[in-house]
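Student: I'd like to go through some helix packing and a pocket with you. Can we start from the structure itself?

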Amino acid sequence: MNGIVPPAERGPDARTAREAVSRPAPGRALTFGLVLTVTLVAFEALSVATVMPMVARELGDLVLYGWVFSGFFLGNLVGIVAAGRMVDRVGLVRPYGLGLALFALGLAVDGAAPTMSVLVAGRLVQGFGAGFVPIVVYAAIAHGIADAERPGVFALLSTAWVVPGLLGPAAAGLIADHASWRLVFAGLLPLVALAALLTIPLLGRVDRAVAGRTEGLSGPESGARRALLPALGVAGGAGLLLAGLDATGGPGAVAVLVGASLAVVAVRRLVPQGTLLARPGLPATILLRGLITFGFAGAEAFLPLMLVTVRGESATVAGLALTGATVAWTAGSWIQSRRVDRWGAGRLLRAGFAVVTVGIASLAAVLSPAVPLFVAVVAWSVAGLGMGLSYPVISLTVIRQAPPGGAGGATAAMQLSDVLGTALGAGVGGALVAAAAAAGADARLGLLATFCLAAAAVAGAVA
């Protein structure tokens, strides 16, 4: 359940949330358009892992397997910051239209991709376009939905992630098994066009209603501008680091060193001081978000590859394993909501991280043909349960620890940590799998190293 952070875990800017909304609101039609847009992004983000083993079988070039995931999230990181700047300057319609157009372009490229490198390029474009969606959605809610109606809208947005999480992987598996994996990408294009036709006119009404305001919709433009260059630095540095891991010899080592240095310098400008050193309080909490997404995303990206390539199962079975984690994640979220005040955030986080570690580590056993297949489904469901226990608690803790007037910056830093952890988890895992393949080793060796590293990252976070 990775990809873009579920909208229910983020809130509108503190300033806009306090403003009274007395303008004409497009109402249910706008809500439907926004929910449809988020659902499309969520379905695609949560379904790609299911079909990737079949993609790799057809297109080859296993060295780029992890880049299919990392490219999306690195593009997403820059898109989020760029969208904030654009919304500040020109309102909602043009950012929404541009983001959806880029997302659709990426889908079209991926659906027709003749090689894995073209697929990665399409995913990068997709991610950049998808980064515009949460920014526009929250600005639209803040300015186009009456205050009394917002709780219901946020509940619907949460559902827009839950439903694709439950049905998306299994549906993608069925499509890939009985038709073509390409339809998982290209098949969404008509729905993207429908979302644009429904939503753009309504966002235009919101823009006209706030045209007289002296400030932008999402915060001061100068802050967005200052954040854009570091965001590019983070994406570029992380990309160079991952490219270096895929390379060999001296050039690869240089790329890793330069990329890591560039990413660290840029990240330090976007997160609270002391985050990379796990300073107690808000910095350590934000670092925890990155570590748990690194581990979970790194394992999730390669679970279907293990089931299809090593165990010989279908993409449908792989999708069901991912769906099991989604159900367990939801259950964990409900449990933490009832226990966090009684147990405390620290105790609940330690429990959640420990459960995730056990779930990821248990996947390694499934590499053996002697281990029953259902162990993979159980293990990944256990990992999903741990994510449900810990993920919302981190969000809650970040908000509680944010300085007065600094909730927006704190949640933005958490989102950066989340996206970067996801990109690096999938990318580093891809490098390990590719290295094993290049050395002529059994695929199990690369997957074993990937699962062990993912588990170690989450276990280390407990400390």
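Student: How do the axes of helix α15 (residues 345-363) and helix α18 (residues 443-462) run, roughly parallel or roughly antiparallel?
Tutor: First, this is a predicted model, where local features need pLDDT of at least 70, side-chain atom pairs count only at pLDDT 80 or more, and totals for chains, interfaces and linings use all residues. Residues are numbered from 1 along each chain as its sequence is written, and side-chain values use heavy atoms, with hydrogens and water left out. The axes of α15 and α18 come within 8 Å and cross at roughly 165 degrees (lines fitted to C-alpha atoms over the stretch in contact, angles from 0 to 180 degrees between N-to-C directions; helices are DSSP runs of H or I, at least four residues, numbered from the N terminus). Angles under 35 degrees count as roughly parallel, over 145 as roughly antiparallel, 65 to 115 as roughly perpendicular and the rest as oblique, so α15 and α18 are roughly antiparallel.

Student: How do the residues of the contact of α15 with α18 divide by class?
Tutor: Contact means heavy atoms within 4.5 Å, and those in it include Arg-350 and Thr-357 of α15 and Phe-451 of α18. Ala, Val, Leu, Ile, Met, Phe, Trp, Tyr, Cys and Pro count as nonpolar, Asp, Glu, Lys and Arg as charged, and the others, Gly among them, as polar. The split is 13 nonpolar, one polar and one charged.

Student: And α12 with α18: is the crossing left-handed or right-handed?
Tutor: Their axes come within 8 Å and cross at roughly 160 degrees, and they are therefore roughly antiparallel to each other. A crossing is left-handed if the near helix is turned anticlockwise from the far one by less than a right angle, and right-handed if clockwise. For α12 and α18, that comes out left-handed.

Student: Which helix gives the largest share of the lining of the second largest pocket?
Tutor: A pocket is an open set of points on a 1 Å grid over the protein atoms alone, where a 1.4 Å probe fits, with protein on both sides within 12 Å along at least five of seven lines; lining residues have an atom within 4 Å of a point. This one has 21 lining residues, with Val-267, Leu-276, Leu-287, Leu-420 and Leu-424 nearest its centre. By class, the lining has 17 nonpolar, four polar and no charged residues. The largest share, six residues, comes from α17.

Note on methods
Helices (H or I, at least four residues) and strands (E, at least two) are DSSP runs, numbered from the N terminus.
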